[in-house]
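Thanks for sharing this one. Here are a few notes to read alongside the model, in no strict order.

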Amino acid sequence: MKRIFILLMAVCGALTLSAQVQNDPLDTVQTMLNRAINQRYMTQLSLSMKEAQQYAIQQNKSFQNASLEVKKAHAQRWQTIAAMLPQVDGTLGYTNMCGYEIDFGGMSRAMLPYFNANLTAAVGLNGQSIVGALLNNLAIEMQDISHEQSETELRSKVMSAYVSVLVMEDMVELLDSSLVNIQMLAEQTKQMVAVGTVEQTQADQIMVRVNSMKNTIKSTQRNVEIAYNALRVLLGVDAQTELILLDKTEDIFSAEQALKLLSANFNINNNYNYQLLQKNVELAEKNVIMAGMAYLPTLSAYYQYSYRKDFGEGGFSMSPPNTVGVSMSVPLWSSGKRAAGVTEKKIALQEAQNTFAETTDNLGIQDKQLRYNLANAYETYVNEKENIDVTARVMRNVSNKYTWGAASSLELTNASNDLISAESSYIQAVMTLVNAYVELDNFLNNK
């Protein structure tokens with residue numbers, strides 16, 4: 001009954017707002033009903049850009065997997081170390097031969113049921129185990145680097161998505177402002193048609209422009225929702241979460257930051273890819289050593305304690321209660337298997353060294369390319385910012401001329417198209433500048 005009451009209230013609310021459908025034909029009563037019902041389950045999340053980055057680090061599932069990989073590497077290292085430490089096993093058992101008798105030279109002896117307990121402690125050590133522990137240390141270091149790289153990339157993605165939402169919302173505001181101006185001109189044209197000073201054709205052309213502007217605004221609003229959804233994915237929240245962004249574009253990024261980054265020095269040791277490849281070479285070197293350790297002997301020692309309790313008279317045990325043993329296994333002949341293993345690891349080392357050398361050279365080229373991209377994006381941003389100011393002035397002048405009959409509706413339409421194109425190009429230039437800045441900043445990693 002409670003759910004039915006809530007549903008009826010939602011329907012009433014939707015019907016109360018149904019009058020708006022006439023003003024916006026794209027909305028329907030069903031859409032507004034769904035909106036009213038979903039509002040009940042919607043939560044709000046207000047975040048600045050820094051808070052959004054921190055929230056993503058805590059909630060993003062992919063990044064959590066990167067953190068788990070680090071923990072898994074630590075667990076693997078302990079497994080390798082623990083294998084070189086004493087291993088203790090215990091067994092308990094009960095045996096009953098169901099009255100079976102054994103014949104000893106004409107004398108029969110009943111096999112008594114008995115209880116036995118054994119405790120065994122053993123330890124084994126070889127060169128491969130020691131090198132394996134060192135390999136696990138390198139694996140942990142590589143996972144730590146990958147984890148830091150994932151965190152940096154996640155922060156950058158959140159920043160780009162956050163700015164993308166803000167920029168798209170700025171675009172909607174610019175288009176709304178242009179729509180208000182063109183609607184005013186359309187109303188003036190309608191009045192001039194009524195008094196016979198202009199033809200109906202001009203009024204129709206202006207209305208076509210108004211409708212086209214409305215469609216552009218709706219399309220941009222849908223793109224805003226797409227940008228919000230991309231941010232929701234990074235934050236690890238559901239689709240019903242309403243995001244409220246507290247920062248403005250100028251609070252997060254400015255063109256001056258791009259110029260400052262262009263003057264930053266490139267330290268190759270700070271680059272995550274360089275660090276990972278460096279560790280990969282070290283890992284290949286350790287693998288060669290580990291393959292060579294197959295020629296060394298394996299030492300092992302053990303201690304065993306045995307206890308036996310017979311149930312009945314005449315029981316006996318031939319097993320001593322305490323046993324200690326030491327052994328050494330020496331590899332003698334493997335038909336070239338160990339030699340081939342060493343050769344394989346040496347070839348893998350050469351490949352790792354070649355990849356490292358090639359990447360080192362390419363990183364310098366990549367640094368130049370990313371700086372070029374950022375410089376080009378900055379110049380484009382400056383030009384588009386100037387263009388939007390110019391086209392806005394042109395639109396105002398043409399609008400004034402059109403009001404006094406000194407400009408045609410075609411000139412007004414062209415000026416409006418130029419303004420929208422300039423606004424779109426400016427928004428794209430802002431996003432290109434932000435993305436170019438993020439790519440170079442991640443590459444330099446000067447923190």
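In which strand does Tyr 307 lie? Tyr 307 lies in strand E7, and the points below start from there. Please keep in mind that this is a predicted model.

1. Let me begin with the nonpolar surface patch. Val 88, Leu 119, Tyr 303, Tyr 305, Tyr 307 and Val 324 form it, and together they have about 570 Å² of accessible area. Strand E7, residues 298–310, gives the largest share, with three residues. Tyr 307 itself has a relative accessible area of 39%, so it is classed as partly exposed.

2. There is also a charged patch to look at. Asp 170, Glu 173, Asp 176, Glu 250 and Asp 251 gather on the surface as a patch of negative charge. Two helices, H5 (127–195) and H7 (249–252), each supply at least two of its residues, and H5 has the largest share with three.

3. Within that negative patch, a word on Asp 251, which is found in helix H7. Asp 251 counts as exposed because its relative accessible area is 52%, and the cut-off for that class is over 50%.

4. Finally, do have a look at Glu 423 in helix H11, residues 409–444. What is the nearest side chain of opposite charge to Glu 423? That is Arg 209, 8.3 Å away; Glu 423 is buried yet has no salt bridge. Leaving aside residues up to four places away in sequence, Glu 423 touches Met 171, Leu 174, Leu 175, Ser 178 and Ile 388.

Notes:
Residues are numbered from 1 along each chain as its sequence is written. This is a predicted model: local features need pLDDT of at least 70, side-chain atom pairs count only at pLDDT 80 or more; totals for chains, interfaces and linings use all residues. Side-chain values use heavy atoms; hydrogens and water are left out. Patches are made of residues with over 30% relative accessible area and no salt bridge: like charges are joined within 9 Å, nonpolar side chains (Val, Leu, Ile, Met, Phe, Trp, Tyr) within 5 Å. Accessible areas come from the Shrake-Rupley method with a 1.4 Å probe; for residues, only the protein chains shown count as cover. A salt bridge is a side-chain nitrogen of Lys or Arg within 4 Å of a carboxyl oxygen of Asp or Glu. Lys and Arg count as positive and Asp and Glu as negative; His and the chain ends are not counted. The place of a charge is taken as NZ of Lys, CZ of Arg, CG of Asp or CD of Glu. Helices (H or I, at least four residues) and strands (E, at least two) are DSSP runs, numbered from the N terminus. Buried means under 20% relative accessible area, exposed over 50%, partly exposed in between (1.4 Å probe, protein chains only). Contact means heavy atoms within 4.5 Å.
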